[in-house]
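The following exercises are to be worked with the sequence and the structure at hand. Each task is followed by a solution that proceeds step by step.

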Amino acid sequence: MSRKSTKESVEIHTRRMYDEFGSEYQKRRDEKDITKIYNEFLEVPCMIKAVGNVKGKKLLDVGCGAGVHAKAYVKKGAKVQGIDISNTMIMLARERCKGVDFKVGSMNKLPYASSSFDIVTASLVTDYIKDLKKAFLEVNRVLKKGGLLYTSDNHPIACAREFYENDYLKIRALGYVMDKKTGKRINLGRNWLEGIDEFEMVPGMMLKTYKRTFHTYLKAIRDAGFELIDYIDCKPIPEFKKYDPDAYELFCKIPIFGIAVCRKK
Ligand SMILES: C[S@@+](CC[C@H](N)C(=O)[O-])C[C@H]1O[C@@H](n2cnc3c(N)ncnc32)[C@H](O)[C@@H]1O
């Protein structure tokens, strides 16, 4: 990984990471790499089901990545456009979905006319966005009155978990564990922590995402002129079980992704 100035914004950093490692990231997703990336079993089917019947609708997919969702929306008869900050991801999207108008650009400044879409979808992009209200205001602007935004993000319950490790235990949990060896209680949780999380998506792809409380997230939706009409916890699809029974069981117990369904007022 090339070393860049520490002053680089999260937005520039994100674009650089997806430009550099986007092909490897998407390859692992397409191959259903079960060790790390679970989107195909969780967020993707859940989002496509939530969005439902889109026949004839003008739909914009923001942070469209390699066009996985866009392809499904086209198949369901929507008139789809897509935008993503990364050149690499847009190149992959164009390969996957011929004929769809994909643009390189940011959710913070959408290059579309006001009131031009019936639906905007944003799958797992908002955690890269610093000023969420500003981005949602942009989405609000390009939506028609009464138009719908489906936006997925890390689930607040999953985000509230804390890592803990000692000589004989390695856990990530929310709640407490009684340590029978020491007789002490280990309290775990980080619900009120806001800031930047860092993690490695695929080897070398060090990503930075914004962690927010559920309150901050919902406030941004409301302050941008939306009414929250539903919140969907993404359950794994049954097919996941045969790929990774352990992970399937875990994600049946705890949601890691959630979808906010919002209507432009
Ligand atoms: C986790 S991937 C999800 C891709 C796709 N939505 C999917 O679910 O398959 C996040 C995507 O958001 C894009 N992204 C990050 N920040 C963005 C921004 N400010 N505006 C537009 N896209 C952004 C990244 O380049 C990346 O393709």
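**Exercise 1. The nonpolar core**

Which residues of the largest nonpolar core touch the most other members?

*Solution.* The model under study is a predicted one. Step one is to consider the background: in soluble globular proteins, nonpolar side chains tend to be buried together. Step two is to turn to the core itself, which has 62 residues; Val62, Ala93 and Val120 touch the most other members. Step three is to ask where the core residues come from: helix H5 (residues 132-142) supplies the largest share, five residues. Step four is to take Val120 as an example. When neighbours within four places in sequence are set aside, the contacts of Val120 are Leu60, Val62, Val139, Val142, Leu143 and Leu149.

**Exercise 2. The sheet and its helices**

Determine the order of the strands in the open sheet, identify its edges, and describe how helices pack on it.

*Solution.* Begin with the general principle that strands of a sheet pair through backbone hydrogen bonds, either parallel or antiparallel. In this model, the open sheet is formed by seven strands, ordered S3-S2-S1-S4-S5-S13-S12, with mixed pairing. The edges are strand S3 (101-104) and strand S12 (226-233); each has a single partner strand, so one side of each is without a neighbour in the sheet. On average, neighbouring strands of this sheet are turned by 15 degrees against each other, direction ignored.

Next, examine the edge formed by S12. S12 and strand S13 (residues 257-264) run antiparallel and are joined by seven bridges. Within this pair, Leu228 is placed opposite Cys262 in S13.

Finally, add the helices. H5 packs on the sheet and touches strand S1 (58-62), strand S4 (117-123), strand S5 (143-154), S12 and S13. The direction of H5 makes about 145 degrees with that of S5. Helix H7 (residues 214-223) also packs on the sheet, where it touches S5, S12 and S13; the direction of H7 makes about 140 degrees with that of S12.

**Exercise 3. The surroundings of the ligand**

State which residues come nearest to the ligand, and classify the shell around it.

*Solution.* There are 22 residues around the ligand, and Gly63, Gly65, Ser86, Ser123 and Tyr128 come nearest. Two elements give two or more residues to this shell, namely helix H1 (10-30) and helix H3 (68-75). H1 gives the most, with three residues. Sorted by class, the shell comprises 11 nonpolar, nine polar and two charged residues.

**Exercise 4. Three loop residues**

Locate Thr213, Ser115 and Leu124, and decide whether each is buried, partly exposed or exposed.

*Solution.* The cut-offs are needed here: a residue is buried with 20 or more other C-beta atoms within 10 Å of its own, and exposed with 12 or fewer.

- Thr213 belongs to the loop between strand S11 (206-211) and H7. Thr213 has 15 C-beta neighbours inside 10 Å, and therefore counts as partly exposed. Apart from neighbours within four places in sequence, Thr213 is in contact with Asn191, Trp192 and Glu194.
- Ser115 is in the loop between S3 and S4. Because Ser115 has 13 C-beta neighbours inside 10 Å, it counts as partly exposed. Its phi is near 55 degrees, a positive value in a residue other than glycine.
- Leu124 lies in the loop between S4 and H5. Since 18 other C-beta atoms are within 10 Å, Leu124 is partly exposed. Leu124 is not a glycine, yet its phi is positive, at about 55 degrees.

Technical notes
Residues numbered from 1 in each chain as written. Predicted model: local features only at pLDDT ≥ 70, side-chain atom pairs only at ≥ 80, totals over all residues. Core = buried A, V, L, I, M, F, W, Y, C linked by C-beta atoms within 7 Å. Helix = DSSP H or I, 4+ residues; strand = E, 2+ residues; numbered from the N terminus. Contact = placed C-beta atoms within 7 Å. Pairing = 2+ DSSP bridges. Axes fitted to C-alpha atoms, helices over the stretch in contact; angles between N-to-C directions. Near = placed C-beta within 6 Å. Nonpolar A, V, L, I, M, F, W, Y, C, P; charged D, E, K, R; others polar.
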